[in-house]
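This report covers a protein–DNA model. Please have the sequence and coordinates open while reading.

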2 protein chains.
Amino acid sequence: MKRHVLLYGLVGGILIAVLKWTEYRFLVIEHSLEIYGGLTAVTFTVLGIWFGLKLTATKERVVVKEVLVPASETFAPDQRKREKLGITPREFEILELIAQGMSNREIAGKLYVSENTVKTHSSRVFDKLGAKRRTQAVQLGKEFGLLP
Amino acid sequence: MKRHVLLYGLVGGILIAVLKWTEYRFLVIEHSLEIYGGLTAVTFTVLGIWFGLKLTATKERVVVKEVLVPASETFAPDQRKREKLGITPREFEILELIAQGMSNREIAGKLYVSENTVKTHSSRVFDKLGAKRRTQAVQLGKEFGLLP
DNA sequence: GCCAAAATCACCCAAAAGTGTGACGACATT
DNA sequence: AATGTCGTCACACTTTTGGGTGATTTTGGC
């Protein structure tokens, strides 16, 4: 801002000096006043426009644009909810694999445990979720924010 | 735009007239030139700023702010994909109810058909999706954009 | 080291789900 | 009239799932 003021003074001074000089050269010219005023007007109009632009250069308008984003990108399983329901980490792990469409046998193979173990885990997680079937468990898991 | 030019000329003319008039009144004043130039400078600076603002009044920078919106709100089942997979409307209906965690018996009751009918529909939809279990059918249905 | 929670596994039984085949009627297309 | 799709249903059979009970081992905290 200070630079602007200084610049203004400088330009004004230069202009006056130039005019002083031209005054001598065109002293007797009839319309020197009009030329003089015109030059000043043009110069300061340009300066004014530039200055005005500087002042308003930062004007921004914030437009809120809603963008659909797949929720899976930002999904994080709600651990607090899980604990509130009393679901253990292992049980939750089985629930996730069930949600991926795996059978008890497949889950058992993947986790290196017996099929019976998977059954007990799934039975317990169904109880805690209040589900009667695995499909319902998946649905409830989603509603509780445990699954994407 | 034409109005602006006319206005400029008008203001310039008025200024010159005023100066002419003041010229007579302060003819002998030592620094009339400086006053004269200063007045012109101030006037046209103001005009320039105003003009500059006029020119840039509509120049707004649009800042896009992205907001995450749950995709579930705007979900619509992909009918084209459904047809591409050869899944009939009825079969799809059963798939939706399966995804909601309903048993075959419950679905049969809801749709007023026999349990066997539900079984055949579900078997066919599993074939078309390439699923071996209903949980897997739900998972694949989501991946295909058929289910939310 | 003790205790509680968690994880593991087995067995039996019942229910649900899934497979395969066949069939019938309605409806649209050819 | 013949064909094809869709929706409906039945029956037999296999597989999967779920419930209940009981037991052992592992683990983490006190």
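The sections below cover model confidence, the protein surface near one DNA strand, and polar contacts to that strand.

## Basis and confidence

This is a predicted model, in which local features need pLDDT of at least 70 and side-chain atom pairs count only at pLDDT 80 or more, while totals for chains, interfaces and linings use all residues. Residues are numbered from 1 along each chain as its sequence is written, chains are lettered from A and ligands numbered from 1 in the order in which they are written, and side-chain values use heavy atoms, with hydrogens and water left out.

Chain A has a mean pLDDT (the predictor's confidence in each residue, from 0 to 100) of 74, with 51% of its residues at 70 or more. Over residues 5-15 of chain A, pLDDT stays under 50, and the model has 12 contacts (heavy atoms within 4.5 Å) beyond four places in sequence for them. Where pLDDT is low, predicted coordinates should not be read in detail.

## Surface near DNA strand D

Around DNA strand D there are 20 residues (a heavy atom within 4 Å of the strand), and A:Arg134, B:Thr88, B:Arg90, B:Val113 and B:Ser114 come nearest. The surface divides into 3 nonpolar (Ala, Val, Leu, Ile, Met, Phe, Trp, Tyr, Cys, Pro), 8 charged (Asp, Glu, Lys, Arg) and 9 polar residues (the others, including Gly).

H6(B) supplies the largest share of this surface, 5 residues.

## Polar contacts

Of the strand D atoms within 4 Å of the protein, 68% belong to sugar or phosphate and the rest to bases. A polar side-chain atom of B:Arg90 lies 2.7 Å from a phosphate oxygen of strand D, and a polar backbone atom of A:Asn104 is 3.1 Å from a phosphate oxygen. A base oxygen of strand D lies 3.0 Å from a polar side-chain atom of A:Lys119.

Conventions: A polar contact is a pair of N or O atoms within 3.5 Å; within protein, one must be able to donate a hydrogen and the other to accept it, and residues adjacent in sequence count only if both atoms are side-chain atoms. Helices (H or I, at least four residues) and strands (E, at least two) are DSSP runs, numbered from the N terminus.
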